[in-house]
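Here are a few short exercises to work through with the model open in your viewer. Try each task before you read its solution.

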Amino acid sequence: MALFLDEITRGPVVADGGMGSMIHQLAEVPFRVPDEVNRLSPDVVLGIHVRFLRAGATLIETNSFGANRLRLEAVGLADQAASLSSQAVKLAREAREVVGQDAFIGGSMGPTGLRVDRTDAQRARMMDAWMEQARALDDRGVDLFVLETFTDPWELSVACDAVRAISSLPVVAQLAVPARDAWDDDDGDLASADPWLAALADVDADVIGLNCSLGPAQLLPWLRRLRSIAPGRPLAFQPNSGLPRRDGGRFLYPSAEPGWWSEMAQSARAAGAVLIGGCCGTGPEQIAALAEAVQQPASAPTPTAVRSPSRAPLAPAKPAERSRLAAK
């Protein structure tokens with residue numbers, strides 16, 4: 001298969017959807033973190049990968065988002081960081097063989113979960129943890145790294161430095177929009193978020209972008225703003241299926257109609273996205289619609305592509321009406 005950086009010059013690469021949310025839906029064994037399911041119930045992880053590949057994803061991410069030593073310390077699994085990351089790659093590679101089609105395998109890496117203080121000591125701890133994880137992913141055979149769902153550009157930059165220290169593979173670096181009402185400018189142009197987006201543009205990555213936190217309708221303006229700040233940079237776009245609601249001890253995400261995801265893909269493509277996928281709550285049906293859309297000739301987005309469908313729960317609430325959960 002072509003190298004990832006060559007492939008994105010020919011058209012958008014279709015990423016998979018919400019691995020973590022699907023594990024919470026499908027896994028029948030108790031687990032402390034989704035990464036642990038690689039060991040406890042590998043068939044569940046394998047099956048999710050297979051479903052996304054058959055839906056048309058040309059990039060699947062390893063189930064290793066939280067498998068760094070610092071994040072796993074909180075649940076007593078710090079000593080399994082390398083093994084869980086290695087097993088995550090093994091399962092993704094097996095899924096690719098089962099389906100029998102070319103696809104990139106992205107080594108998923110997330111934040112440490114620490115309260116960021118930006119000290120030299122903290123930076124050293126983070127570097128060590130991410131280098132351990134990145135080495136395990138690289139040794140097992142990923143094609144690229146996907147650093148995702150960071151909210152602090154400094155922490156994301158440190159993670160990129162850690163990956164660069166042990167691998168020459170491509171790096172995709174993505175931020176998740178924090179809940180800061182101060183960024184909701186009256187005219188909606190998000191100008192107050194420019195320093196945060198500019199910091200993302202300064203990260204040493206091959207592709208930069210946004211993922212998680214918001215649904216497609218809410219996150220598209222941020223993607224367009226990022227494009228204006230970093231013109232010419234390859235961009236990634238992987239929104240949630242929408243804003244979640246809490247049901248008991250679980251967060252449930254709305255599932256927008258596949259047709260809406262087709263429109264989202266065209267809009268994201270027009271905004272400069274070369275990697276388009278989904279995050280929490282996004283399943284194979286949405287990825288299938290997205291994959292079909294990116295195979296079509298590029299077209300200008302229609303007005304409906306920036307609005308939520310009338311019966312899907314994706315429309316952003318007015319600031320005055322936000323619940324505490326929506327604000328978070």
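**Exercise 1. Find the nonpolar cores of this predicted model and say which residues have the most contacts inside the largest one.**

Step 1. The largest nonpolar core has 79 residues. Leu147, Leu210, Trp222 and Leu290 have the most contacts inside it.

Step 2. Separate from that core is a second one of 13 residues, which includes Leu59, Phe104, Val172 and Val274.

Step 3. Now look at helix H10, residues 216-229. Trp222 is among its buried residues, along with Leu219, Leu220, Leu223 and others.

**Exercise 2. Work out the strand order of the open sheet and which strands stand at its edges.**

Step 1. The sheet has 8 strands with parallel pairing, in the order E1-E10-E7-E6-E5-E4-E3-E2.

Step 2. E1 (13-14) and E2 (59-61) each have a single partner strand, so one side of each has no neighbour in the sheet.

Step 3. Check one pair inside the order: E7 (residues 235-238) and E10 (residues 273-276) are parallel over 3 bridges. Here alanine 236 is opposite leucine 275 in E10.

Step 4. Add a helix to the picture: H9 (residues 194-201) lies across E5 and E6, at about 135 degrees to E6.

**Exercise 3. Decide how many disulfides the structure has.**

Step 1. A search of the whole structure gives 0 disulfides.

Step 2. Cysteine 279 has its nearest cysteine sulfur, in cysteine 212, 3.9 Å away. With 11% relative accessibility, cysteine 279 counts as buried.

Step 3. For cysteine 280, the closest cysteine sulfur is also in cysteine 212, at 3.8 Å, which is too far for a bond. The cut-off used is 2.5 Å.

Terms used:
Residues numbered from 1 in each chain as written. Predicted model: local features only at pLDDT ≥ 70, side-chain atom pairs only at ≥ 80, totals over all residues. Heavy atoms only, no water. Pairing = 2+ DSSP bridges. Helix = DSSP H or I, 4+ residues; strand = E, 2+ residues; numbered from the N terminus. Contact = heavy atoms within 4.5 Å. Axes fitted to C-alpha atoms, helices over the stretch in contact; angles between N-to-C directions. Core = buried A, V, L, I, M, F, W, Y, C linked by side-chain atoms within 4.5 Å. Buried < 20%, exposed > 50% of the residue type's maximum accessible area, 1.4 Å probe, protein only. Expected span 1.5 Å × (residues − 1).
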